Each structure stands twice: as structure tokens, then as C-alpha cells.
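Student: Could you take me carefully through one part of this model, the place where a helix meets a sheet? Please state the cut-offs behind each term as you use it.

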Amino acid sequence: MKLLSPSATSTTHISSSFFLPNGFQNHGSSSATTFKFSKNQGRCIGNDEGTQITAKFELKPPPYPLNALEPIMSQNTFEYHWGKHHRAYVDNLNKQIEGTDLDGKSLEETIIMSYNNGDILPAFNNAAQVWNHDFFWESMKPGGGGKPSGELLKLIERDFGSFEKFVEQFKLAASTQFGSGWAWLAYKENRLDVGNAVNPLATEEDKKLVVLKSPNAVNPLVWNHHHPLLTIDVWEVY
């Protein structure tokens with residue numbers, strides 16, 4: 001498996017300082033490194049009379065041509081994965097939420113609400129798989145791979161010991177996820193939800209990059225205080 005760098009083509013820019021511990025600075029750089037993510041898929045639009053009309057979720061086009069990841073991912077594989085599987089998740093999600101309390105919610109809201117604190121509702125798998133695949137395509141770019149730079153590299157070296165050790169852990173997480181699922185690099189903002197006498201509030205040491213794996217459609221959005229930075233669909237681990 002070749003680890004590819006995050007894509008530079010998505011539309012929303014979030015400063016890496018959003019994910020960093022208080023007081024962490026990017027020494028030697030005049031500007032903050034930015035991580036790039038796709039915008040939330042909003043679902044309410046207005047007409048000229050001001051009436052809100054519910055819009056369906058749409059299959060987002062990949063951020064690069066379908067042959068751009070060759071030879072890591074062939075055009076045939078990409079066309080099949082995006083054009084069939086990803087499209088099916090979008091189409092099935094629209095059918096599942098029509099006329100329900102989820103109709104009109106953003107994709108992220110739909111994921112959180114349908115996860116239902118682990119008591120998963122029918123729409124969750126399709127909603128989460130839509131988001132996961134959007135994020136997966138944006139986790140890669142043509143000619144990607146290699147060591148990152150700036151604040152991200154500093155955090156990787158701090159939390160994993162080296163970039164090479166991070167790659168080993170990421171590969172291990174992906175290759176040991178039984179069946180379908182995902183491997184993630186995420187920033188864990190807090191260890192605990194609330195503080196009490198037994199479990200005190202998280203310290204700065206609890207705030208760090210972590211490698212995680214999840215089954216089926218589950219993603220870090222449903223885990224409190226985890227911010228996904230990179231993912232791979234384990235079906236694409238060769």
C-alpha cells in the first residue's frame with residue numbers, strides 16, 4: 001500500500017491550529033499550515049418567494065480525473081468504486097430520509113442523528129459511507145505520497161516517534177480491519193467527555209494524533225472530540 005498525501009483540491013480550508021494543543025506554534029513558518037476538507041453538504045435551498053425547498057444529496061465529482069491515481073488505483077477501479085458503490089450510497093440515502101426527521105439535515109447532522117449513540121438507525125450506513133467516500137477521495141491526490149511538512153509532521157513525530165512509525169501503524173490498522181471498514185489518522189482533542197472524581201479532565205498529553213480503525217461505515221464523526229485528517233478504505237489496501 002502506498003500512503004498518499006491529502007488532496008489540495010477540496011474547497012474548505014481549516015487552519016491546522018484548529019486541531020493543535022493550546023500554545024503549540026509552528027516555529028520557523030510565517031503562516032499556519034492548512035488542512036483542506038470538503039464543505040458540508042447543505043440540503044435546503046430557497047426560491048424567489050423565499051420558500052425553502054428540500055434538495056437531495058448529490059454524488060460529488062472526484063477532485064481529479066478518474067485516471068489520475070494510476071497506477072496506484074486504476075481508472076476501472078475508480079470508475080467502479082465511485083460510479084457504482086459511492087453513487088448507490090447517495091441514491092439509497094435520499095430514499096431512506098425522504099419524509100423523515102432527517103430530511104433537510106446536513107450530511108454530518110444526518111450521520112450523528114442516525115448513529116443514535118450506537119443504537120444505529122437505518123440511514124446511518126448510507127449517510128456515513130457517502131461522507132467517508134467524499135473524504136477518501138480528498139485524502140489522495142495525483143502524485144501524492146511521501147513525508148508531510150510543517151505542523152503536521154511535527155505532530156506525527158511527536159505522537160508516533162517518526163513518520164515511518166506512523167506509516168507502519170496506519171498500514172497495520174488497515175490490514176487488520178476484518179471485513180469492510182476504514183483506517184483513520186485523527187486528532188484526538190480530549191480523552192474524556194466530562195470530568196469527575198474518578199476521571200479528571202483531559203490534559204495536554206491526552207490531545208494527540210491517533211491511528212484508528214472502524215468497521216463498515218463508522219467514522220470518527222461519531223466519536224466525541226475526534227477530528228479525521230486522513231483515511232483509507234480497507235478494500236483498497238493492496
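## Helix H4 and the sheet beneath

Tutor: Just after helix H4, Gly 161 takes a positive phi of about 100 degrees; helices (H or I, at least four residues) and strands (E, at least two) are DSSP runs, numbered from the N terminus. The model is a predicted one, in which local features need pLDDT of at least 70 and side-chain atom pairs count only at pLDDT 80 or more, while totals for chains, interfaces and linings use all residues. Residues are numbered from 1 along each chain as its sequence is written, and side-chain values use heavy atoms, with hydrogens and water left out.

The helix that ends before this glycine, H4, covers residues 150-160. Its buried residues are Glu 151, Leu 152, Leu 153, Leu 155, Ile 156 and Phe 160, where buried means under 20% relative accessible area, exposed over 50%, and partly exposed in between (1.4 Å probe, protein chains only).

The sheet is open and has three strands in the order E6-E5-E7, with antiparallel pairing; two strands pair if DSSP finds at least two bridges between them. E6 and E7 are the edge strands, each pairing on one side only. On average, and with direction ignored, neighbouring strands of this sheet are turned by 25 degrees against each other; the axes are lines fitted to C-alpha atoms, for helices over the stretch in contact, and angles run from 0 to 180 degrees between N-to-C directions. Between E5 and E6, which run antiparallel, there are eight bridges, and Leu 185 has Val 211 in E6 as its bridge partner. H4 packs on this sheet and touches E5, E6 and E7, its direction making about 80 degrees with that of E6.

Leu 209 shows this packing at the level of one residue. Once its neighbours within four places in sequence are left aside, Leu 209 is in contact with Leu 152, Leu 155, Ile 156, Asp 159, Phe 160, Leu 185, Ala 186, Tyr 187 and Leu 229, contact meaning heavy atoms within 4.5 Å. Among these partners, Leu 152, Leu 155, Ile 156 and Phe 160 also appear in the list of buried residues of H4.

The surroundings widen the picture. Leu 209 and Phe 166 touch the most other members of the largest nonpolar core, which has 53 residues; such a core is a set of buried Ala, Val, Leu, Ile, Met, Phe, Trp, Tyr and Cys residues joined through side-chain atoms within 4.5 Å. At least two residues of this core come from each of H1 (75-97), H2 (107-115), H3 (124-138), H4, H5 (163-175), E5 (181-188), E6 (208-215) and E7 (226-233), and H3 gives the most, with eight residues. The core lies between domain 1 (69-142) and domain 2 (146-191 + 204-237), because both give residues to this core; the domain bounds come from an automatic or database domain assignment.

One further backbone detail belongs to the sheet. Asn 216 lies in the loop between E6 and E7, and its phi is near 55 degrees, a positive value in a residue other than glycine. With a relative accessible area of 44%, Asn 216 is partly exposed, whereas Leu 152, for example, is among the buried residues of H4.
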